[in-house]
Amino acid sequence: MTTTEIKTNDRTTTEATTVRPNPATPRLDFAKTAPKVFRAVIGLDAAAREGLDPTLVELVQIRASHLNRCAYCLHMHTTDARKAGESEDRLHMVAVWQEADHFFTDRERSALALTDAVTRIGDAGVPDEVYARAAAHFDEEELAHLLALIFTINTWNRIALSTAKRAGTDER
């Protein structure tokens, strides 16, 4: 981690900046090294998607990958979304969905807000209003699946980042 000094109005503050190293040597292949764990995450992913609109699934996965700065997953899910017919306009707007809310339905916006809250859970938990907004657009089973989807993409992001997966090298 590096720090940057910022001077404003006679005050100097130090801001921490995260710099992610690009490892010169490959890290472990998680799927080969822990195949039972990897298959369990695949099973959770498949179960989480059941009953959810595939477009919504990709939007949620793209948003969490933005927040987690996971280039590998972001590349994979934007590619999948394009193949499924998602528009370039909407793909570009996912990162700034709050300011470009007219690109998304109320249901999608509620899912994106829930994705933000769950992904950043350490900041403020999941606020009641965010949860209530999602609960107004999804029945209980759908909401449970949406939460599981958010848990799963956050797990995938952590696997990809921890093992230094490179964007564009998806083997699916």
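This passage walks through the fold, one well-covered helix, the salt bridges and some surface and backbone features of a predicted model.

The chain contains nine helices and two strands. Following the sequence, the order of elements is β-β-α-α-α-α-α-α-α-α-α, with the strands placed ahead of the helices. Of the 172 residues in the chain, 35% are buried.

Helix α3, residues 54–68, is a helpful place to begin. Its 15 residues should span 21 Å at 1.5 Å a residue, and the end C-alpha atoms are indeed 21 Å apart, so expectation and model agree. This helix is mostly covered, with twelve of its 15 residues buried. The buried set runs through Leu56, Val57, Glu58, Leu59, Val60, Gln61, Ile62, Arg63, Ala64 and Ser65, and is completed by Leu67 and Asn68. Charged residues are thus part of the covered portion of α3, including Glu58 and Arg63.

Arg63 leads on to the salt bridges. Side chains of opposite charge can pair when their charged atoms come close. Across the whole structure, seven salt bridges are found. In one of them, Arg63 meets Asp116 at 2.6 Å from N to O. Because Arg63 belongs to helix α3 and Asp116 to helix α6 (residues 106–119), this pair ties together parts of the chain that are 53 residues apart in sequence. Both partners, Arg63 and Asp116, are buried.

Helix α6 also takes part in a second link. Glu108 pairs with Arg90 in a salt bridge whose closest N and O atoms are 2.9 Å apart. Here, too, distant parts of the chain are connected, since Glu108 sits in helix α6 and Arg90 in helix α5 (residues 88–93), 18 residues apart. Glu108 and Arg90 are both buried. The pair belongs to a wider arrangement, as Glu86, Arg90 and Glu108 are linked in a network of salt bridges.

A more local pairing appears in helix α2. Arg49 and Asp45 form a salt bridge, with 2.4 Å between the closest N and O atoms. The two residues are four apart in helix α2 (residues 35–49), which means that about one helical turn separates them. Their surroundings can be told apart by accessibility: Asp45 is buried, with a relative accessible area of 8%, whereas Arg49 is partly exposed at 28%.

Turning to the surface, Glu50, Asp139, Glu140 and Glu141 together form a negative patch. One of these residues, Glu140, is found in helix α9, which covers residues 140–162. Glu140 counts as exposed because its relative accessible area, 73%, is over 50%.

Two backbone positions round off the picture. Arg69 has a phi near 55 degrees, a positive value in a residue other than glycine. This residue is found in the loop between α3 and α4 (71–83), and with a relative accessible area of 48% Arg69 is partly exposed. Ala164 likewise has a positive phi without being glycine, its value being near 60 degrees. Ala164 is found in the segment after α9 and, at 26% relative accessibility, counts as partly exposed.

Conventions
Residues are numbered from 1 along each chain as its sequence is written. This is a predicted model: local features need pLDDT of at least 70, side-chain atom pairs count only at pLDDT 80 or more; totals for chains, interfaces and linings use all residues. Side-chain values use heavy atoms; hydrogens and water are left out. Patches are made of residues with over 30% relative accessible area and no salt bridge: like charges are joined within 9 Å, nonpolar side chains (Val, Leu, Ile, Met, Phe, Trp, Tyr) within 5 Å. Accessible areas come from the Shrake-Rupley method with a 1.4 Å probe; for residues, only the protein chains shown count as cover. A salt bridge is a side-chain nitrogen of Lys or Arg within 4 Å of a carboxyl oxygen of Asp or Glu. Lys and Arg count as positive and Asp and Glu as negative; His and the chain ends are not counted. The place of a charge is taken as NZ of Lys, CZ of Arg, CG of Asp or CD of Glu. Buried means under 20% relative accessible area, exposed over 50%, partly exposed in between (1.4 Å probe, protein chains only). The expected span of a helix is 1.5 Å times one less than its number of residues.
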